[in-house]
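Got your viewer open? Load the model and keep the selection panel handy, then follow along.

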Amino acid sequence: MMQRKPSVYLMSAMAITIAVIAPLCLPFNIATEILIFGIFALATYLLLSVAGLYSFGQAAFFGIGGYVAGYVYINTDLPLIAGLVLAAVGSALIAMVVGMMSIKRTGIYFMMLTFAFNQMIYYLAYSWHSVTGGEDGLGGIRRPDLTIPGLETIDFSSHLNFYILTAVMFVAIFACLYQLIRSPLGLVLNAARQNPHRTASLGFSVYRAQLLAFVIAGAASGVAGALFAMLYRIMPIDAISWTSSGTAVFMVIIGGMSSIFGPVIGAAIFIWLQGFFSLIWARWPLLFGVFIILVVLFLKGGAMELFDRMRRLVEARLQRSAR
C-alpha cells in the first residue's frame, strides 16, 4: 500500500516549529543565517533530489539576488517587498537563460555548463566595480522599514524583527516547494529523473518541466541572496563564487535527500560546525573535509538516515519491552 505524504499544512507547521526553536538555541544572527541558507539549500534540493539536475551554479543566482536587492536598497527608496521581488525576478530571468542552454545537456556536461556560467557571472561581478563593488563587495546595504496600513512601521534594524521576516520567507518558500514536489510538475520531475525517455514517451515535456524547476530554484536562491545581503549589510564577492555552489550541495548531502527537511538540517549542521571548527583550529576546512568524507562513507543518506536509524532502534526496543 502506497504511503500517503503528509499534508502541506502539517509540513508547514513543522517548518514553523523549526523557525520558533532556532533563536531559542542560537544567537539571532546565526539563527537567521541558518534559515537563509536553509532556503538556498531547499532550492538546490529541488534540482538535485527532485529534478535530478546536478547544478554547480546556484551561487550565481544567490549572488544576483543579493546584488539586485543591495543596489535597490542603496540607490532607491523602493520598499522592502519591491527589493525582494526584484531579486527573485532578476535571478529567475538569468536562471531561465542559463537553463535554456544548460538543460539540453545531461550528466557531466550539464554540471560543467552550470559551473562555467557561475564563473562567468562571478568575473562579471568582480570586474563591474561601479555596480557590484568588485572584490570589496557591495557595502552599505540598508534594511528598509515595512509599513503595513493600520499597523505601526516595522523597523528591521532590530535583529528580532529581521529574524521574523526571514522566518516568514523561509516558511513560505518551504511550503511552496513542498507543494510543488507533490504537484503534477513534481511527479513529472521525479519520473524524468528516473527515466527521462519513458517520461517523454508518455507525452510530457521533460525539457519544459526541468527548465521550470531551474527557474523556480533560481528565484528562491535570489530571495536567499537578498536576505543574506540585508543580514550583513554587504554582498561579498565570495558569495557568488563556485565554492558557494559547492556549499549548497554539501548542505543537501549532509542533511540527506530523502526528505525536504534534509537540506534545512544540513544547513544548520554546516553553519554550526563551520563556527565550531574555526574555534578549534585555524585550518578548520581540513576538519570539515574529514567530516564530509565520513558522512559520504558511513551516512549516505545524511542526517535523515541517522534519524531513521535511531527511530527504528527505539521502535525495536519498544517492541521487545512490550513482549
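This tour goes from the whole chain to three helix contacts and then to a pocket.

**Stop 1: the whole chain.** Start with a cartoon view, and keep in mind that this is a predicted model. The chain has 14 helices and four strands. Its radius of gyration is 20 Å, close to the 20 Å that the globule rule gives for 323 residues, so the chain is as compact as a globular protein of that length. Line the view up with the principal axes and the C-alpha atoms fill a box of roughly 70 × 50 × 50 Å.

**Stop 2: H7 and H8.** Select residues 159-182 for helix H7 and residues 184-194 for helix H8. At what angle do the axes of H7 and H8 cross? It is roughly 65 degrees, and the axes come within 4 Å. Angles of 65 to 115 degrees count as roughly perpendicular, and that makes H7 roughly perpendicular to H8. Now show side chains: Leu180, Ile181 and Arg182 of H7 meet Pro184, Leu185, Gly186, Leu187 and Leu189 of H8. Colour this contact by class and you get six nonpolar residues, one polar and one charged.

**Stop 3: H2 and H8.** Keep H8 on screen and add helix H2, residues 28-51. The axes of H2 and H8 come within 8 Å and cross at roughly 60 degrees, so the two helices are oblique to each other. On the H2 side, pick Leu48, Ser49, Val50 and Ala51; they meet Gly186, Leu189, Asn190 and Arg193 of H8. You have already selected Gly186 and Leu189, which also take part in the contact with H7. By class, the contact of H2 with H8 has four nonpolar, three polar and one charged.

**Stop 4: H11 and H14.** Next, select 242-255 for helix H11 and 302-322 for helix H14. Their axes come within 3 Å and cross at roughly 10 degrees, so H11 and H14 are roughly parallel to each other. Zoom in on Ile253, Ile254 and Gly255 of H11, which touch Gly302, Ala303 and Met304 of H14. Here the split is four nonpolar, two polar and no charged.

**Stop 5: the second largest pocket.** Stay with H11 and turn on a surface. The second largest pocket has a volume of about 550 Å³. To centre on it, select Thr243, Ser244, Thr247, Phe270 and Gln274, the closest to its centre of the 24 residues that line it. Two or more lining residues come from each of H2, H11, helix H12 (261-280) and helix H13 (284-298). Which element gives the most to this lining? It is H11, with seven residues. Finish by colouring the lining by class: 15 nonpolar, seven polar and two charged residues.

Technical notes:
Residues are numbered from 1 along each chain as its sequence is written. This is a predicted model: local features need pLDDT of at least 70, side-chain atom pairs count only at pLDDT 80 or more; totals for chains, interfaces and linings use all residues. Side-chain values use heavy atoms; hydrogens and water are left out. On a 1 Å grid over the protein atoms alone, a cavity is a set of points where a 1.4 Å probe fits but cannot get out, and a pocket is an open set with protein on both sides within 12 Å along at least five of seven lines; lining residues have an atom within 4 Å of a point. Grid points are joined across faces, edges and corners, and a volume is the space filled by probe spheres set on the points. Ala, Val, Leu, Ile, Met, Phe, Trp, Tyr, Cys and Pro count as nonpolar, Asp, Glu, Lys and Arg as charged, and the others, Gly among them, as polar. Axes are lines fitted to C-alpha atoms, for helices over the stretch in contact, and angles run from 0 to 180 degrees between N-to-C directions. Angles under 35 degrees count as roughly parallel, over 145 as roughly antiparallel, 65 to 115 as roughly perpendicular and the rest as oblique. Contact means heavy atoms within 4.5 Å. The radius of gyration is taken over C-alpha atoms; the globule rule is 2.2 Å times the number of residues to the power 0.38.
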